[in-house]
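Reader: I'm new to reading protein structures. Could you walk me through this one, a question at a time?

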Amino acid sequence: MKILYPFMYLMQFILSFWNAIYLYRIMGQFVDYRNGSLFKAAIILGCCAMSNMPIDLLDPVNSLGIFCLFMGLMLVCSNSRLINKVSVILLLFPIILGMNFITGRLVWKIIDLTGSGLEHVIWLRNIFSLIKIGIWYLISRNLAGRLKSIKKYVDTKTWLLADTICLLALLSMLVAIIKPPSTNILQEYREITTGYDLFGTYLIVMAGIFTNLGVILLFDPLIENVKMKMDHQASRIREEYYHSLEKQQDQIRKIRHEMNHHFQMLYTCLEQQNPKEAKQYLETLLEQTQSTCGRKFCQNQVLNAILNDRYGKLLENQVDTHFNISIDTHLGIDVMDLGILFANALDNALEASLKITETNRRKVVLQTRCENGMFSFRLNNRKNNEIYASKGRILTDKPDKRNHGYGLETMQDLVDKYHGTLEISYTDDEFTLFFYIRTL
């Protein structure tokens, strides 16, 4: 039997490595790893250690040791936001802890029941390692498709809600393992522990594992809901773009139809030797043509159409409008997402401006800039309506609150999607919206 020990230990390492690969893939659905083979090797070796760490009753060292190791790996080897790092720990650590505890207890239970020697421990551990590989494989296979968009679409509020649930499950498991329910008797004025209620501990641990798996499964409908909301906004942007193109084509056809008339007017002015009037008429004609073609705020046609549409609406409503747009063609931000951000922000600014009765006070200033790998957006508009806020969220002042007030929330979701920061500030007569997104 001793001859097989090197083979068994080699098999144990291979199985631990296999476990680590699946765990590495699942973690990669939640966070981005730093570039470099050294970081990836550190994560895989750390996962090997975590998946192979024995957990027993009354054992705070190994339990908290895995937690500290997991946290260290995320802080050093991941470049995602802190909320993503914390979330992947709280989601996966209870599952790792629970499986290590249950398989470890089963190994020794089988040894006690069969009367086997310690040489069978490593065989049993390898068998249960295969079972854990199967579990991680099923989780990886069934959740990989569901979770591929989790980094993109899950916002901070959803992460915090999931983290709260997982934290409660984790604390319950740690208490059940480190300080399990016990049977005590009173002897000579002292309580003596005669045994532990392992059934209760197993129940709490299993409940913690299934709770976290359930939380992971809940991300699927949440992501689909966010996607539907984004798709609806993108469809509206596309519709506005095509409507803008159709409107421009109609105006161009009208100009072409009236071209003979315009040439005749210019010919008449020149024939009557009135170049000044011809020049004025030509300038007017050029202004009409320019307004038909629209201004060129940026290179992207869809975004440019949105900006032209909102710019025109603001001018039509006597709003003093200033756009200073500087957008890189390689932002790394989906153009539809960018269009939703611009459209929602400018729509809110227009609504606020229309509530100002003195037209000479209406003003909107939009500034965007791409610099040092950052895209920044700042929109300032005057207002006279009161701002209502609850729990950090700006509330709509429209009567139908159920179907309105989602513009800023949608913008926050999009900024979170690209790991950016959105800030809102306001005074009695001004409102400022600012956000920045890292583009590198």
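**A sheet, its helices and a patch**

Reader: Let's start with a small piece. How many residues lie between β8 and β9 in their hairpin?

Author: Keep in mind as we go that this is a predicted model. Strand β8 covers residues 421-426 and pairs with β9 in the antiparallel sense over 6 bridges. One spot to look at is E423, which stands opposite F434 in β9. The two strands form a hairpin, and the number of residues between them is 3.

Reader: And which residue of β5 stands opposite F434?

Author: Strand β9 (residues 430-438) also pairs with β5 (residues 374-382), in the antiparallel sense over 9 bridges. Along that pairing, N380 has T432 in β9 as its bridge partner. Go to F434 in β9 and, standing opposite, you'll find R378.

Reader: Okay, on to β4. Which residue in the hairpin of β4 and β5 takes a positive phi?

Author: First, the strands: β4 (residues 363-371) and β5 pair in the antiparallel sense over 8 bridges. V364 has N381 in β5 as its bridge partner, and T368 stands opposite F377 in β5. The hairpin has 2 residues between the strands, and the one with a positive phi, near 55°, is N372.

Reader: Now the whole sheet. Which strands are its edge strands?

Author: It's an open sheet of 5 strands with mixed pairing, in the order β3-β4-β5-β9-β8. An edge strand here pairs on one side only, and that fits β3 (320-324) and β8.

Reader: By how many degrees are neighbouring strands of this sheet turned against each other on average?

Author: Picture the order again, β3-β4-β5-β9-β8. Ignoring direction, the average turn between neighbouring strands of this sheet is 5°.

Reader: Are there helices on it? Which strands does helix α13 touch?

Author: There are two to look at. Helix α11 (residues 301-316) lies across β3 and β4, running at about 160° to β3. Helix α13 (residues 407-417) packs on the sheet too, and its direction makes about 145° with that of β8. The strands that α13 touches are β8 and β9.

Reader: Let's leave the sheet. Which helix supplies the largest share of the nonpolar patch?

Author: The patch is on the surface, has about 420 Å², and is made by M71, L75, V76, L82 and V86. Both α3 (60-77) and α4 (82-114) supply at least two of its residues. The largest share is 3 residues, and it comes from α3.

Reader: Take M71, then. Does it count as buried, partly exposed or exposed?

Author: M71 is found in helix α3. Buried would need under 20% relative accessible area, and exposed would need over 50%. M71 has 34% relative accessibility, so this residue counts as partly exposed.

Reader: Zooming out, what percentage of the chain's residues count as buried?

Author: The chain has 13 helices and 9 strands. About 25,100 Å² of it is exposed, with carbon and sulfur atoms supplying 57% of that area. Of its 440 residues, the share that counts as buried is 40%.

Reader: Last one! Among contacts between residues at least 6 apart in sequence, what percentage join residues at least 24 apart?

Author: Contact here means heavy atoms within 4.5 Å. Start from the contacts in the chain whose residues are at least 6 apart, then keep those that join residues at least 24 apart: the share is 71%.

Technical notes:
Residues are numbered from 1 along each chain as its sequence is written. This is a predicted model: local features need pLDDT of at least 70, side-chain atom pairs count only at pLDDT 80 or more; totals for chains, interfaces and linings use all residues. Side-chain values use heavy atoms; hydrogens and water are left out. Two strands pair if DSSP finds at least two bridges between them. Helices (H or I, at least four residues) and strands (E, at least two) are DSSP runs, numbered from the N terminus. Patches are made of residues with over 30% relative accessible area and no salt bridge: like charges are joined within 9 Å, nonpolar side chains (Val, Leu, Ile, Met, Phe, Trp, Tyr) within 5 Å. Accessible areas come from the Shrake-Rupley method with a 1.4 Å probe; for residues, only the protein chains shown count as cover. A salt bridge is a side-chain nitrogen of Lys or Arg within 4 Å of a carboxyl oxygen of Asp or Glu. Buried means under 20% relative accessible area, exposed over 50%, partly exposed in between (1.4 Å probe, protein chains only). Axes are lines fitted to C-alpha atoms, for helices over the stretch in contact, and angles run from 0 to 180 degrees between N-to-C directions.
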